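The exercises below go with the structure shown here. Work through each task before reading its solution.

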Amino acid sequence: MAVDEQTELAASGSVFDLAAQSAEYEPLSYYGGAKDCGDAIDIEYISDVHLLHHVKYYGEDLRKAINGAAGTLAESHAEPKFVLHRGWIAPKSFFLGDVSSDKEVTVEFYRRYRLNVMYREYRRFRAELAKKYGYGRKSMRWRLNAERSLKSLDGHIAAKEAEFKRLKAKVDEYLSYNRVIAPKGNADRIKAYLASDYYKKREQKDGLPYSVRERILDAAAAKDEVCRLEFVKADLERRLEDERFESHMAFTETERPYDLRGFRTYLIRRYDNWCNMQKGGHYRPHEHLGIVILGNHEYVGFPDVDSAVAFYKERLEPMGYTVLQNEYVEDDRCVIYGGTGFAVLNECYNAGNLVCCDAMMVDRELFVKVKQGVPGAEDDLEAAKARARAYEAEQSRLFVAGYEAAREHARETDKCFVCATHYPVEGCLGRLDRDAVYFSGHTHQNRYVRKENVILYADNQVGCHKRGGFDPERDMRFRTATAGCVRNPYADLVDGCYPTTPAEYSSFYRFIGEYVGTGKMIRKSCKKNEMYVIKSYGYYGFFLVSDKGISIANGGKTKKVALSGSIDWVCDNFDIVVAKYLAALEPLRERQEQVSRELKRLGFYGTIHGLIVDVNFDHHIMVNPADGSLAFYSSPSYGLVDQLASFPKLLESVKQGCLLYGNELVAASVEERCDAALAKYDVDVLAPSPLGMLAPVDAEGIEALERAEMIKVDLKHGAYKLSRNVAPLQRLFSGHVLRDFDPRLAEVDDESTPRRKRSMLGRAFVDEFGTEHLIVEDDLGEVITALSEDGRRMRVTVLALRRLVRGGGRWVTKTLDATLAAYADKSLPKPWGDALSRMKPKVLDASK
């Protein structure tokens, strides 16, 4: 790639080389485990299946929904793999709760899943038998089909014999079938006899009706069919006996194949590693199908947690599942702790408003009574919430106690520690430990985090799909987390441009620890576009190229960035664009990192996205990219904010918000944390800026801002829009991935054929703010130059201009002549005069 020395230094020196630092990463090896044993730990997981919500996608047939979901999930179940010196290693399957709120539907789902997995293993077992022993000239499949055919023939013969006896009895009413008809032979000969003069004389003599002929022919046909089937059966029995004799002669007594009763032995051998799991110090040799964690929907209909756990243990564990509730299992590589967890620390969604067992759920009638204004209903509701939350707090306490014991055991035995829950760990444990790997669900908001201090897999929540879009064949499948070595698929590539695939793209994002969805849109785009990866100095960019232009992969979506179809042009400018982005964003990022470190030190989130640093779920700090000043605010919902004057005011809002959500049980701990933060926070780092950074959407919002009330902010312009635009570019720091490409930053010209045939020179347009612009330069490339009515020049990409006129802007004129005509009768903006005069064609004097 052509790049000058200054650009090269900027690209290589701004942040460390990702490829050199993190080519391989071992998230599940903190206490040995896979690292010592030399093999990976595969964990497949799924949560929030919600079968009753998906019945409509299976023709409103519940049984079909259960069978279909269990079958599709079983198809995605990973195969056991053979590891040298260890034998077969089976994947560990996690079912993380919320299969259904109907206990019988839940049990039936697990039963059907077991049948599908066992049948697949059974077919493989039969194939291994046939492959190992051969069975002479015929295959095992032929023998099994022959045995099934014999049974089927017996049924058909019996049915035909019954039919013959019935028809023969009707003939015997007029004459003896055995004495008169049967000696004549088969049906053809009997038919000839019925046409002869001998039968006609008998017919006249005995007064036989003509219908007797039809009955005789039907009976003869039935008898012939019986004879044919018996011949086929005899021939098949002879061939099968010959095959058995050949097999007996071909092998010694010790080499004879064992029968299908060895299937259980086969399973135990194949799943040897999983069968050696221990629970409470006792071996459970039959448990290999999976670990089941109960979700809040599984508790519906039960009086308390213990009764629900006992029911599912009694029904599921005999099938081969392990139901974990504040317990752990282990093998020689890892300790797996599991439990529902619950949500004692969640300020929004907890026992006060979620469905669960009777002891942890508030009667919904109380909410109706409060809404209707029934006297005393509010007191009853608050008392019910307190009882439910107290029971939830006790269950969360049991979860935490079991968690600490299992974690300590993993540390003492030098094994990987895996924690599987239904509720998010933050809601029951209150923290994410570096030495644990977490699997959870419940929220229906998929997320995947893999950083140096946090590893969380919550990215396979099926959800309810109330708005549609559910694909039974693709969405109801396991996802797999592989322990041991998680590798960058492009680590071995030297800097350059290479074709790639959606699967490799997803693997890369898995490597950098970011969730980008299921990849459905990327796969769809790759059907019509060629996908390329550009690697340079540890930075990566993913582009889709077609004859219509170039798009850049932005997470799970794509964005068209150029009309050119030349990936070489993008490759030549990649370093330059990355370096300019880094130079522009580095001061902002440094300020955000400073704020983030301070918030984490005080015990808050400190998560960076766009211009925003999160304090907690509802409270945030926005950093002004121009001067690094801070705006503190609370946002209970997107677009609705309450701007706060300072960090102490924000801490007061955090404490008040805890009480507003009815979470009195944790209010004391939140208040202590806020008071401690108020006493030790760095005033210089968290200094406030003047109010007004978050622009209101209208005049009423300005008045509300002056009264310090909640306002609705402008999401299409201002700070929020800028934050959305900056968010993809922040991946240059967090993942070393370029997710936007502005052709205006390019310095190497595109030598390919221009993509446009018509120039935009002389056109006029209005932007979203109502300002008029005149296009004064256009070389048919990616960028045009426009002159505003007040004389400001700006460079705009053609794609951005097209998006503008389709959105908040519009074309005023579409040709130079139209522009001259449109502004002939009205005041022409003064800066446009000289520009238009240079665009006019010169009129030559005819005399000269």
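**Exercise 1. The two sides of a helix**

Which exposed residues does the face of α28 turned away from its buried side carry? Work on the predicted model and start from the buried side.

Solution.

Step 1. Locate the helix: α28 covers residues 830–839.

Step 2. List its buried residues, which are W832, A835, L836 and M839. Viewed down the helix axis, the buried residues of α28 fall within an arc of 100°, so they line one face.

Step 3. Turn to the face that points away from this buried side: the exposed residues there are K830, D834 and R838.

Step 4. Identify the cover. The elements over the buried residues of α28 include β30, β31 and β32, together with α27 (816–822).

**Exercise 2. The sheet under the helices**

Describe the sheet that α28 packs on, and place the helices that touch this sheet.

Solution.

Step 1. Write down the strand order. The sheet is open, has five strands in the order β33-β32-β31-β30-β34, and is paired in the antiparallel sense.

Step 2. Mark the edges. β33 (793–797) and β34 (810–813) each pair on one side only, and are therefore the edge strands.

Step 3. Add the twist: neighbouring strands of this sheet are turned by 40° against each other on average, with direction ignored.

Step 4. Examine one pair in detail. Strand β31 (residues 772–778) runs antiparallel to β32 (residues 783–788), and five bridges join the two. H773 has S788 of β32 as its bridge partner.

Step 5. Place the helices. α26 (residues 798–806) lies across β30 (764–766), β31, β32, β33 and β34, and runs at about 90° to β33. Helix α28 touches β30, β31 and β32, and its direction makes about 35° with that of β31.

**Exercise 3. A covered strand**

How many residues of strand β2 are buried, and which way do they point? Then find the pairing partners of β2.

Solution.

Step 1. Count: β2 spans residues 42–46, and five of its five residues are buried.

Step 2. Sort by direction. D42, E44 and I46 point one way, while I43 and Y45 point the other way. Residues on both sides of β2 are buried.

Step 3. Take the antiparallel partner. This is β16 (residues 479–482), paired with β2 over four bridges. Within β16, T480 stands opposite E44.

Step 4. Take the parallel partner. This is β5 (residues 92–95), also paired with β2 over four bridges. The bridge partner of Y45 in β5 is F94.

**Exercise 4. The nonpolar cores**

Which residues of the largest nonpolar core touch the most other members?

Solution.

Step 1. Take the core as a whole, which has 54 residues. The members touching the most others are F543, F647, L686 and F741.

Step 2. Find the main contributor: helix α20 (residues 567–601) gives the most to this core, with 13 residues.

Step 3. Follow the contacts of F543, leaving aside neighbours within four places in sequence. Among them are M531, Y532, I550, I552, V570, F574 and F741. The contacts of F543 also include E530 and S551.

Step 4. Look beyond this core. A second, separate core has 51 residues, including I66, A70, A74 and A308.

**Exercise 5. Cysteines without a partner**

How many disulfides does the structure hold? Check C334 and C428 by distance.

Solution.

Step 1. State the count, which is zero. The cut-off applied is a pair of cysteine sulfur atoms within 2.5 Å.

Step 2. Test C334. The closest cysteine sulfur, in C416, is 6.4 Å away, too far for a bond. C334 is buried, at a relative accessible area of 1%.

Step 3. Test C428. The closest cysteine sulfur, in C419, is 7.0 Å away, again too far for a bond. C428 is buried too, at 3% relative accessible area.

**Exercise 6. Positive phi**

Where are D98 and H736 found, and are they buried or exposed?

Solution.

Step 1. Recall the background: most residues other than glycine have a negative phi.

Step 2. Consider D98. Its phi is positive, about 60°, although D98 is not a glycine. D98 sits in the loop between β5 and α5 (103–133), and counts as buried at 2% relative accessibility.

Step 3. Consider H736. This residue has a positive phi of about 60° and is not a glycine. The loop that holds H736 runs between α25 (731–734) and β29 (737–738). H736 is buried, with a relative accessible area of 2%.

How values were computed: Residues numbered from 1 in each chain as written. Predicted model: local features only at pLDDT ≥ 70, side-chain atom pairs only at ≥ 80, totals over all residues. Heavy atoms only, no water. Axes fitted to C-alpha atoms, helices over the stretch in contact; angles between N-to-C directions. Contact = heavy atoms within 4.5 Å. Core = buried A, V, L, I, M, F, W, Y, C linked by side-chain atoms within 4.5 Å. Buried < 20%, exposed > 50% of the residue type's maximum accessible area, 1.4 Å probe, protein only. Arc of directions from axis to C-beta.
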